[in-house]
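New to this one? Have a look at the sequence and the model below before reading on.

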Amino acid sequence: MKMMITGASGLLGRACSKVFADLNPITCAWTRACSGDLKLDLTDAEAIRTAVNDIRPELILHTAAERKPDICENQQELTQSLNVDATRTLAEAAEEIGAKLVYISTDYVFDGTNPPYAVDAIPNPLNFYGQTKRAGEEAVLQASGNHVVLRVPILYGEVETLEESPVTTLLNELLNPAAHSIDDWAVRYPTYVGDVAQTLRNWSRTLLNNPESSGIYHMSGAEELTKYDMACAIGDVLHLDHSHLSPDHQPPAGAPRPENSQLDISRIQEETLVVQTAFSTNIQRILTQFLFQT
Ligand SMILES: NC(=O)c1ccc[n+]([C@@H]2O[C@H](COP(=O)([O-])OP(=O)(O)OC[C@H]3O[C@@H](n4cnc5c(N)ncnc54)[C@H](OP(=O)(O)O)[C@@H]3O)[C@@H](O)[C@H]2O)c1
């Protein structure tokens, strides 16, 4: 199977590149492109069309995006260009050569007032990030009846820096000895990027061979945790004191976020084995190395 992965230098893209490595996917990155990656600026529509026509993949995993809500709010033109325009160009170019596109989207397309959300629930994004990801979904679904939108919630995994994931950055909160509060308002479903990548791998043959496998799907970790819960869980597995942290029951400052955008994952479970490994085991393995660097 000939594959192309965008955002291959990002958190989810690295995990996908690893899980699909034996298929020698064309990995596309931009500022962090390494040797072996195709350096492709997705804000350049002509470059996207040329790459897709030259590579002629059967499957494209489109993970690249601006995904930090506060940056999206402050850099709207760039966010629109990457999250919406590039997605539309890629989806149309894929359709022209008969390739299937899997577009990674987010639970932030929902307002978080009426969970759990089925795949056909009506989106109502609360912030610009969510609005652009929803517009990206619409562009993908309009470009082809064959493409797939896969929504996932908050991601964590093997980070290069703690700040790369909103989950791993909680280690900084634990190591800051000053008494302070952490968001205990928003209910989250932290999802390990290795689980998303392995689920995509399990599903990939069906995705390509089953014409019914198209449209919107949800994938999620199984555990329900606030950021405060996650910080305490990280403290417990790493044997770090968390008595200086207190729960904050107010909505966090910054771009508005959904309170509980739990995703109903039953549709993808009907088609493949969905991998959901334990938060505590993963986060202990991922963060241990950072204890000796800070
Ligand atoms: N992280 C989360 O908690 C979360 C939650 C829900 C959904 N999602 C969705 O999951 C997907 C993956 O997120 P992630 O956390 O893996 O993102 P990430 O770590 O922030 O990576 C973003 C990727 O986009 C690439 N990119 C940025 N600008 C580009 C450009 N102009 N041209 C080409 N590539 C460009 C980056 O490449 P360079 O670094 O090489 O420039 C990087 O590989 C996104 O679609 C996101 O919306 C993420």
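What follows is a short tour of the ligand site, the cores and a few individual residues. Keep in mind that this is a predicted model.

**Around the ligand**

Let's start with the ligand. There are 27 residues around it, and Ser9, Thr31, Arg32, Tyr129 and Lys133 come nearest. Sorted by type, the residues of this shell split into 15 nonpolar, eight polar and four charged.

Some of the backbone also lines up with oxygen atoms of the ligand. Here are three such pairs:

| Backbone N or O atom of | Partner | Distance |
|---|---|---|
| Gly7 | oxygen atom of the ligand | 3.2 Å |
| Leu11 | oxygen atom of the ligand | 2.9 Å |
| Ile104 | oxygen atom of the ligand | 3.3 Å |

How much of the ligand does the protein bury? On its own the ligand exposes 910 Å², and the protein buries 90% of that. Three elements give two or more residues each to the shell: α1 (11–19), β5 (100–106) and α5 (128–143). Of the elements, β5 gives the most, with three residues.

**The nonpolar cores**

Now for the inside of the protein. The largest nonpolar core has 51 residues, and Val102, Leu150, Leu200 and Leu287 touch the most other members. Helix α8 (residues 227–238) supplies the largest share of this core, seven residues.

Take Leu287: leaving out residues up to four places away in sequence, Leu287 touches Leu162, Thr168, Leu171, Ile234 and Leu238. There is also a second, separate core of 25 residues, and Ile55, Leu82, Leu101 and Ala143 are among them.

Leu150 is worth a stop too. This leucine sits in strand β6 (residues 148–152). Is Leu150 buried or exposed? Leu150 counts as buried because its relative accessible area is 2%, and buried means under 20%. Beyond its neighbours within four places in sequence, Leu150 has a long list of contacts, including Val102, Ile104, Leu200, Trp203, Tyr217 and Ile268. Leu150 and Ser214 are 64 residues apart in sequence, yet their C-alpha atoms are 9.9 Å apart in space.

**A threonine and a glutamate**

Thr89 belongs to helix α4 (residues 76–97). With 11% relative accessibility, Thr89 counts as buried. Not counting residues up to four places away in sequence, Thr89 touches Ala45, Ile48 and Arg49.

Glu271, on the other hand, is placed in the loop between α9 (266–269) and α10 (279–291). Which residues does Glu271 contact, leaving aside its neighbours within four places in sequence? They are Trp203, Thr206, Ser213 and Tyr217. With Ser213 there is a polar contact of 2.6 Å between the side chains. Glu259 is 12 residues away from Glu271 along the chain, and 29 Å separates their C-alpha atoms.

**Backbone oddities**

A few spots in the backbone deserve a look as well. Pro115 and Pro116 are joined by a cis peptide bond, with omega at about -5 degrees. Pro116 lies in the loop between β5 and α5.

Then there is Arg56, which is not a glycine but has a positive phi of about 50 degrees. Arg56 is found in the loop between α2 (45–55) and β4 (59–62), and is partly exposed, with a relative accessible area of 47%.

His239 also has a positive phi, near 55 degrees, and is a residue other than glycine. Look for His239 in the loop between α8 and β11 (245–248). His239 counts as exposed because its relative accessibility is 73%, and exposed means over 50%.

Notes. Residues numbered from 1 in each chain as written. Predicted model: local features only at pLDDT ≥ 70, side-chain atom pairs only at ≥ 80, totals over all residues. Heavy atoms only, no water. Near = heavy atom within 4 Å. Polar contact = N/O pair within 3.5 Å; in protein donor to acceptor, adjacent residues only side chain to side chain. Areas by Shrake-Rupley, 256 points an atom, 1.4 Å probe, with all protein chains shown as cover. Helix = DSSP H or I, 4+ residues; strand = E, 2+ residues; numbered from the N terminus. Nonpolar A, V, L, I, M, F, W, Y, C, P; charged D, E, K, R; others polar. Core = buried A, V, L, I, M, F, W, Y, C linked by side-chain atoms within 4.5 Å. Buried < 20%, exposed > 50% of the residue type's maximum accessible area, 1.4 Å probe, protein only. Contact = heavy atoms within 4.5 Å.
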